[in-house]
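Hi,

As promised, here is the structure I mentioned, with the sequence alongside. Have a look at it first, and my notes follow below.

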Amino acid sequence: MTESKTLKISEAEWEVMRVIWAKGKTTSPEIISILSTSMDWKPATIKTLLSRLVKKQILLTELEGNKFIYQPLVSEEQTMRSATEQLFSKICAKKVGKTIAELIEEADLTQTDLALILTAVDKKEKTAVKTIACNCIPGQCDCSEHQHRD
Ligand SMILES: [Zn+2]
């Protein structure tokens, strides 16, 4: 596990980051005006989230003139990847494939998306392993590997 690289970001912080990722560079009044209407959050709440993101080094703040400018230090793609890794680290390695299949079934996908997925599947087919070992802590998984009763 590469714990040092995992970004811990809450749902609320993610909402703030989405605004900043979309804008690239923005000010707190701008962020507040978007999120106070769309999320019905108080300015103080948004300011707290901003300072938390700065502390976590996900966001950079600089004084420009008399305004604080915010800009992302981490890309949306990096954050998404980290969140996906965190999600998959919570389930048994043996269940990852089934989970991915379920995600595909439930997602709204275009033909372009499907082409991407099919290319990925094609590539994977060449390196697919026969079996996957359970990586769970004994007692946290119902895999046969952990059932010592017969
Ligand atoms: Zn397991």
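S28 sits in helix α2. Is S28 buried or exposed? With a relative accessibility of 15%, S28 counts as buried, because the cut-off for that word is under 20%. Beyond its neighbours within four places in sequence, S28 makes contact with L50, F68 and Y70. Please keep in mind while you look around that this is a predicted model.

Just past that helix, two residues are worth a click. M39 and D40 both belong to the loop between α2 and α3, where α2 covers 28-38 and α3 covers 43-55. M39 is partly exposed, at a relative accessible area of 31%, while D40 is exposed, at 67%. D40 also has a backbone detail that you may want to see for yourself: its phi is positive, about 60 degrees, although D40 is not a glycine. As background, most residues other than glycine have a negative phi.

Which other residue has a positive phi of about 60 degrees although it is not a glycine? That is Q57, found in the loop between α3 and β2 (59-64). Q57 is exposed, with a relative accessible area of 61%.

If you would like a sense of distances across the model, try M39 again. From M39 to L118 the C-alpha atoms are 37 Å apart, with these positions 79 residues apart along the chain. A12 gives another pair to try: the C-alpha atoms of A12 and T45 are separated by 9.7 Å, and along the chain the two are 33 residues apart. A12 is part of helix α1 (residues 11-23) and is partly exposed, at 24% relative accessible area. Setting aside residues up to four places away in sequence, A12 touches W41 and L49.

Next, helix α4, which runs over residues 76-89. Two of its residues make a nice pair to look at, T79 and E77. T79 counts as buried because its relative accessibility is 3%, and the limit for buried is under 20%. E77, in contrast, is exposed, with a relative accessible area of 56%. What does the side chain of T79 reach? It comes to 2.8 Å from the backbone oxygen of S75. T79 also touches L7, I9, W14, W21 and V74, again leaving out residues up to four places away in sequence. As for E77, its C-alpha lies 21 Å from that of V96, and the two are 19 residues apart in sequence.

V96 comes up again in the largest pocket, so to speak of that next: the space in this pocket is about 950 Å³. It is lined by 22 residues, and those closest to its centre are F88, V96, G97, I100 and K124. Which elements give two or more residues to the lining? They are α4, α5 (96-106) and α6 (111-125). Of these, α5 provides the largest share, with six residues.

In the segment after α6 you will find K126. K126 counts as exposed, at 69% relative accessibility. The C-alpha atoms of K126 and T99 are 21 Å apart, and along the chain the two residues are separated by 27 places.

I have kept the metal for the end. Which residues are the protein donors of the zinc ion? They are C92, C134, C136 and C141, each through its SG atom, at 2.2 to 2.5 Å from the ion. Along the chain these donors follow the spacing C-x41-C-x1-C-x4-C. The angles among the four donor atoms are 99 to 120 degrees, and the site is tetrahedral. It earns that label because four donors count as tetrahedral if all angles lie between 85 and 135 degrees. Two of the donors, C136 and C141, are buried.

If you only have a few minutes, I would suggest opening the zinc site with its four cysteine SG donors, then the largest pocket with its lining from α4, α5 and α6, and finally the two positive phi values at D40 and Q57.

Happy viewing, and all the best

Note on methods. Residues numbered from 1 in each chain as written. Predicted model: local features only at pLDDT ≥ 70, side-chain atom pairs only at ≥ 80, totals over all residues. Heavy atoms only, no water. Donors = N, O, S within 2.8 Å, 3.2 Å for Na, K, Ca; no water. Tetrahedral: all angles 85-135°; square planar, octahedral: opposite > 155°, others 65-115°. Buried < 20%, exposed > 50% of the residue type's maximum accessible area, 1.4 Å probe, protein only. Helix = DSSP H or I, 4+ residues; strand = E, 2+ residues; numbered from the N terminus. Polar contact = N/O pair within 3.5 Å; in protein donor to acceptor, adjacent residues only side chain to side chain. Contact = heavy atoms within 4.5 Å. 1 Å grid on protein atoms, 1.4 Å probe; cavity = no way out; pocket = protein on both sides within 12 Å on 5 of 7 lines; lining within 4 Å. Points joined across faces, edges and corners; volume = space filled by probe spheres on them.
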